[in-house]
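Reader: Could you walk me through how the labels in this model are earned?
Author: Happily; let's have it in front of us.

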Amino acid sequence: MPVRIKRVYEAATADDGTRILVDRLWPRGISKEKASFDTWLKSVAPSTELRKWFAHKPERWMEFQTRYRDELKESPDLDDLRKRAATGTVTLLYGSRNTAFNHAAILAELLKDS
């Protein structure tokens, strides 16, 4: 089934399927009333330490991917996310301004390969 990624600030669309926020922190500037998602899986987001180390620096992207995939092996919600992705369309929501270098892209790739 399709796995998509989208900034949490983008409007929900009918083809999003299940919308899952995959950030550890609540997105800035968005109220809980206006946030449109089905569930929030903090445990599949990078750890605070890894997120701060990466700081969305492109030169750290390759190492970030390796470290993040290692962290995901310990996530209690990764299997649940895989099951959701196997049964229907899933849109992973993230807050980062950087659309090229963000953890949701890695997570989506991992789910597509499952």
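Author: What follows is a short talk about burial and salt bridges. This is a predicted model, where local features need pLDDT of at least 70, side-chain atom pairs count only at pLDDT 80 or more, and totals for chains, interfaces and linings use all residues. Residues are numbered from 1 along each chain as its sequence is written, and side-chain values use heavy atoms, leaving out hydrogens and water.

Reader: Why is Thr 39 called buried?
Author: Buried means under 20% relative accessible area, exposed over 50%, and partly exposed in between (1.4 Å probe, protein chains only). Thr 39 has 18%, so Thr 39 is buried.

Reader: What makes Glu 63 and Arg 67 a salt bridge?
Author: The term asks for a side-chain nitrogen of Lys or Arg within 4 Å of a carboxyl oxygen of Asp or Glu. Glu 63 and Arg 67 meet at 3.0 Å, N to O, so the pair fits that cut-off.

Reader: Why is Glu 63 called partly exposed?
Author: Its relative accessibility is 38%, so Glu 63 falls in the partly exposed class. Arg 67, at 33%, is partly exposed too.

Reader: How do you know that Arg 69 and Glu 109 form a salt bridge?
Author: Their side chains come to 2.9 Å, N to O. This pair links distant parts of the chain, 40 residues apart.

Reader: How many salt bridges does the structure hold?
Author: There are seven. Among the linked residues, Lys 6, Asp 16 and Arg 19 share a network of salt bridges.

Terms used
Helices (H or I, at least four residues) and strands (E, at least two) are DSSP runs, numbered from the N terminus.
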